[in-house]
Amino acid sequence: MASSTYFLLLSVFTLFFSLLLSACSSEEIENTPLTITLPLTPKFARKPSTDLRVFLHQLASASKSRVHLLKYGKTKTSPPVKSHLYPMEYGGHTIPISFGNPPQKLSYLVDKGSGVVWAPCTTHYKCIDCTVSAIDVPIFNPQLSTSLKTLSCKNPMCTTECPRCKANTKNCSQVCNFTLQYGSGSESGYVLLEDLHFPEKTIHNFLVGCTTIGHHETYTDAMAGFCRSTYSLPVQMGVKKFAYCLNSHYFDNTKNSSRLTFDYRDGDTEGLSYTPFLKNPLDSSDYYYLDLKKLILSNKILPILSKQDSRVVSS
């Protein structure tokens, strides 16, 4: 009898407690909002561009990086990529770069004042008012590559207009055209996405310019832009830093080369001394600036710098 009474009291207590929890839960549900709003703040590795097309490309690149991170996790840092650097008689230095499948190797002039990688890419290449003959210009032949993709002018990566496409047309067959103006001349052509090959690394869908006509050029080599802009060689490779030594022009047009290194690692390299770059002016944010104290030639200070002078590092 005592046991029956105990179980009866326990059952009544359990029922009462369940009803109490149910009432509390109902009251909490009524007071709980149906939606919760959380603020989202975008973060970029570098300052977003004010150009809408470039900004959209930055968003697309960030999304691709996020998807890759979620799918594969954090990957190991790539080892440094090294290349030979050759002095040329016209005053520049070139590196060998291969594009396409199978790879086609050309010499590319290293230019820290340029932001695009391009190469002549047609057997009908024209060079108007040039000091070199168009016949002597080595070319990248897109028709020989199986990995070639042309870039539509509606693609966010294209920064030029689409004059032959309607404003609201999403699909447009017109390719992305471009014209690059240099101090000594210009190059015009269209944009490709290709595989870039170094001995230790391959980068897919690398944006490279395919030039078909040039003006007032003084050399036959292709161009590798090295400035801070989105489509320069170092930025597209995703490197954290690059370094090189320059051979004397006594070795112009020979096989005597120095070394160019692309480094994916953070932090300083042991055994090297560093000079910080100045903050870039707003109108020239893609260039590298140094604060020069003095220039010495043959143990004599050259009187060409003011007290508060800075110089852009270019080639």
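This is a guided tour of a predicted model, moving from one selection to the next.

**Start with strand β8**

Select residues 186-198, which make up strand β8; 12 of its 13 residues are buried, so the strand is largely enclosed by the rest of the structure. With β8 highlighted, add its partners in turn. Strand β9, residues 201-215, pairs with β8 in the antiparallel sense over 12 bridges, and a hairpin of two residues carries the chain from β8 to β9. To find one rung of this pairing, select Leu 193 and look across to Leu 207, its bridge partner in β9.

Next, bring in β7, which is also antiparallel to β8 and is joined to it by five bridges. Here the hairpin between β7 and β8 passes through four residues, and Phe 178 can be picked out as the bridge partner of Gly 189 in β8. Two further strands can then be added: β6 runs antiparallel to β8 with two bridges, where Lys 149 stands opposite Leu 193, and β2, residues 93-99, is likewise antiparallel to β8 with two bridges, where Ser 98 has His 197 as its bridge partner.

**Move to the nonpolar cores**

Now select Tyr 108, Leu 233 and Met 237, the residues with the most contacts inside the largest nonpolar core, which has 28 residues. Strand β9, already on display, gives the most to this core, with four residues. A second, separate core of 20 residues includes Leu 151, Cys 158, Cys 176 and Leu 193, so keep the two cysteines of that list in mind for a later stop.

Keep Tyr 108 selected and show what surrounds it. Beyond its neighbours within four places in sequence, Tyr 108 is in contact with residues that include His 93, Ile 95, Phe 99, Val 117, Trp 118 and Met 223.

**Step across to Trp 118**

From Tyr 108, go on to Trp 118, a residue of strand β4. At 1% relative accessibility, Trp 118 counts as buried, and the residues it touches, leaving out those up to four places away in sequence, include Tyr 108, Leu 180, Glu 187, Val 208 and Asp 221. Tyr 182 deserves a separate selection, as the side chain of Trp 118 makes a polar contact with the side chain of Tyr 182 at 2.8 Å. If you then place a distance label between the C-alpha atoms of Trp 118 and Leu 207, it should read 8.9 Å, although the two residues are 89 residues apart along the chain.

**Visit the disulfides**

Show the cysteine side chains next; how many disulfides does the count come to? There are three by the rule used here.

Begin with Cys 121 and Cys 210, whose sulfur atoms are 1.4 Å apart and which are both buried. The torsion about their S-S bond is about 75°, so this disulfide is right-handed. Cys 121 lies in the loop between β4 (117-120) and β5 (126-128) while Cys 210 lies in strand β9, so the pair ties together parts that are 89 residues apart in sequence.

Then select Cys 127 and Cys 130, joined by a disulfide with an S to S distance of 1.9 Å. Its torsion is about -85°, so this disulfide is left-handed. Cys 127 is buried at 18% relative accessible area, and Cys 130 is buried at 19%, where the cut-off for buried is under 20%.

The last pair is Cys 158 and Cys 176, with sulfur atoms 2.1 Å apart; with a torsion of about 85°, the disulfide is right-handed. Both residues sit in the loop between β6 (149-150) and β7 (177-181), 18 residues apart, and Cys 158 and Cys 176 are each buried.

**Finish at Ser 258**

Two other cysteines offer a contrast: is each of Cys 227 and Cys 245 buried or exposed? Cys 227 is buried, with a relative accessible area of 3%, whereas Cys 245 is exposed, with 55%.

From Cys 245, select Ser 258, which is found in strand β12, residues 258-263, and is buried with a relative accessible area of 8%. The side chain of Ser 258 reaches the backbone oxygen of Cys 245 at 2.5 Å. Setting aside residues up to four places away in sequence, Ser 258 also touches Ser 83, His 84, Leu 85, Leu 246 and Asn 247.

How values were computed. Residues numbered from 1 in each chain as written. Predicted model: local features only at pLDDT ≥ 70, side-chain atom pairs only at ≥ 80, totals over all residues. Heavy atoms only, no water. Core = buried A, V, L, I, M, F, W, Y, C linked by side-chain atoms within 4.5 Å. Buried < 20%, exposed > 50% of the residue type's maximum accessible area, 1.4 Å probe, protein only. Contact = heavy atoms within 4.5 Å. Disulfide = S-S within 2.5 Å. Polar contact = N/O pair within 3.5 Å; in protein donor to acceptor, adjacent residues only side chain to side chain. Pairing = 2+ DSSP bridges.
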